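Here is a short report for a reader meeting this structure for the first time. It covers helix packing, then the ligand and its surroundings.

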Amino acid sequence: MRDENIKEIVIVGGGTAGWMAAAALSILLKNPKIHIRLIESEQIGTVGVGEATIPHIRYFNQLLGLNEKDFLKKTNATFKIGIEFVNWGQIGESYFHSFSPYGVNMEGVHFHHFWLRHAMKEGAPPPDEYNLHCLASKRSLFAHPKPELRGSPLSTIEYAFQFDAGLYAKYMRGVAESRGVTRIEGKVVDVNKRAEDGFIDSVSLESGETVSGDLFIDCSGFRGLLIEGALETGYDDWSHYLPCNRAVAQGCELDGPPIPYTRATAHKAGWQWRIPLQNRLGNGHVYCSDHISDDEAYAQLKSGLDGAPMGDPKFLRFRTGIRKKAWNKNVIALGLSAGFLEPLESTSIHLIQTAIARLMTNFPDKRFNQSDIDFYNRKTLQEFEQVRDFLILHYCATQRTDSPFWNYVRTMDLPATLQERIDIYMESGRLYRENNELFGENGWFAVFEGEDLRPKRCHPVIDSLSDEMLDRRMNDVRVAMHKCLEAYEDHQTYLHKLCSTA
Ligand code: FAD
């Protein structure tokens, strides 16, 4: 019988996506007969941004067996407990999207309904008073979750990291190479297809070397060398929903102890990120070129830096959207070659991680079963659309009227899936998590409430509570949250302590 098992995997590209894939596959595919090679070109380089993450990255790091202290030290990482959004709802206002939940759910009803009813009363405390990480962010505090304290809010808090993207890719490379992945330095100049079915047979390098494979993973970045360059798969452009299409990034010196969260400040035609690492601040301005020039965008970024600029600015162009098929024939696109959603909620690295997991679930043999491929592509699209809708909410919920950019995003047509969610929330306060999507009730509530979209009603079950009973419960939750905050420590001191013992 013919052996149909995949033996040769070729990863094209050594950015975050390429090395994450190489590291994970080298661990998950335990078969010594499978040979993984990664081709990258120093001449071309990587995007080199991507410094903020979401909590799921910890599970990826655990899979690779990384020691957290070592990881923090080697990637200049800080902890991240959420994102502060400044000037999004209105200029001068801010809100916090936290990685910890609001209050506690009661009677099977999500806590935000209790808060909504309570908020009808004058002088009721804001939702941040019931959220541990929101409280911690105000004093730059951090704590690891305490799963042993079952039932305590401390057991369910989550966290992520802010790190140097270049150092992270290097770290992944170390893991991959130590597990037998072969790195090939060289520029791919040709992609060779099989005459009979158009599958990729090999890639040719500038040096004249040819690298052939059974399965190709396209991690070549925005250019999508195999998935688009060779297979012409096509791209669904979503820039009518998310019109930002450029970014300029520049590091600067720290202005004080690094805070445990990312800040996203809205400007007149986009927004600016501020990501504190141990040794510097990462900054960037994401903007829409229809409404602001590159020079003006950079001037705005520079004037908003909190420390002296470091290095040269890096200008990037992108188009929000998704490859029509992330998996086409024997090519799977990962990372930027699969699609791009702007970094407002730091989701790109996460989407690489889930794509790797999906690839493992549907790992092919040389027959490349089309039903598996279709399933993979359907799930990828679903995941991208869910994240896309959440990102759009940040824009369309705005009350800002101060620039053509904000007037456009405030009034643009929305995807039906998002419009339905907004309609349901605005009528009854109901939020839901569909198909295990990435952002749940806490995230959606943070943005709705943070941008002043308040529903007409809350859950009817809460109407059965008397005002006194509700007051008492809300007060108990608030007191408990403040009590839990005593378990937190100063972020910088805590980080320093961990890194010094790495
Ligand atoms: P790249 O980094 O572009 O790597 C491409 C690789 O392909 C390189 O090694 C290159 O040398 C190689 N290559 C290309 N062509 C050839 C060739 N012909 N021959 C050989 N090799 C070739 N993500 C987050 O999770 N959090 C964030 O905060 C975040 N911020 C971002 C901000 C911006 C402005 C942008 C644009 C992206 C951001 N991202 C973020 C996304 C993140 O940067 C990417 O998802 C991640 O870096 C993966 O990139 P990549 O590996 O797919 O592509």
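Which hand does the crossing of α10 and α13 have, left or right? The crossing of these two helices, α10 and α13, is left-handed. Keep in mind that the model is predicted.

**Helix packing**

Helix α10 covers residues 370-396, and helix α13 covers residues 441-450. They pack at an angle of about 20°, and their axes are 9 Å apart. Angles under 35 degrees count as roughly parallel, so α10 is roughly parallel to α13.

A second pair is formed by helix α4, residues 111-118, and helix α14, residues 467-484. Here the packing angle is about 120°, with the axes 11 Å apart. That angle makes α4 oblique to α14. The crossing of α4 and α14 is left-handed.

**The ligand**

What surrounds the ligand, and which residues are closest? The ligand has 35 residues around it. The closest are G14, V49, A52, V188 and I349. By class, the shell holds 17 nonpolar residues, 14 polar ones and 4 charged ones.

Oxygen atoms of the ligand also pair with polar backbone atoms of the protein. The table lists three such pairs.

| Residue | Protein atom | Ligand atom | Distance |
|---|---|---|---|
| T16 | polar backbone atom | oxygen | 3.3 Å |
| E51 | polar backbone atom | oxygen | 3.5 Å |
| I349 | backbone N or O atom | oxygen | 2.8 Å |

How much of the ligand does the protein bury? Taken alone, the ligand exposes 1,000 Å², and the protein buries 98% of that.

Which elements give two or more residues to the shell around the ligand? They are α1, residues 16-28, and α9, residues 348-361. Helix α9 gives the most, with 3 residues.

**In brief**

The α10 and α13 pair is packed at about 20°, and the α4 and α14 pair at about 120°. The ligand sits among 35 residues, with 98% of its area buried by the protein.

Definitions and conventions
Residues numbered from 1 in each chain as written. Predicted model: local features only at pLDDT ≥ 70, side-chain atom pairs only at ≥ 80, totals over all residues. Heavy atoms only, no water. Near = heavy atom within 4 Å. Polar contact = N/O pair within 3.5 Å; in protein donor to acceptor, adjacent residues only side chain to side chain. Areas by Shrake-Rupley, 256 points an atom, 1.4 Å probe, with all protein chains shown as cover. Helix = DSSP H or I, 4+ residues; strand = E, 2+ residues; numbered from the N terminus. Nonpolar A, V, L, I, M, F, W, Y, C, P; charged D, E, K, R; others polar. Axes fitted to C-alpha atoms, helices over the stretch in contact; angles between N-to-C directions. Parallel < 35°, antiparallel > 145°, perpendicular 65-115°, else oblique. Left-handed = near helix turned anticlockwise from the far one by under 90°.
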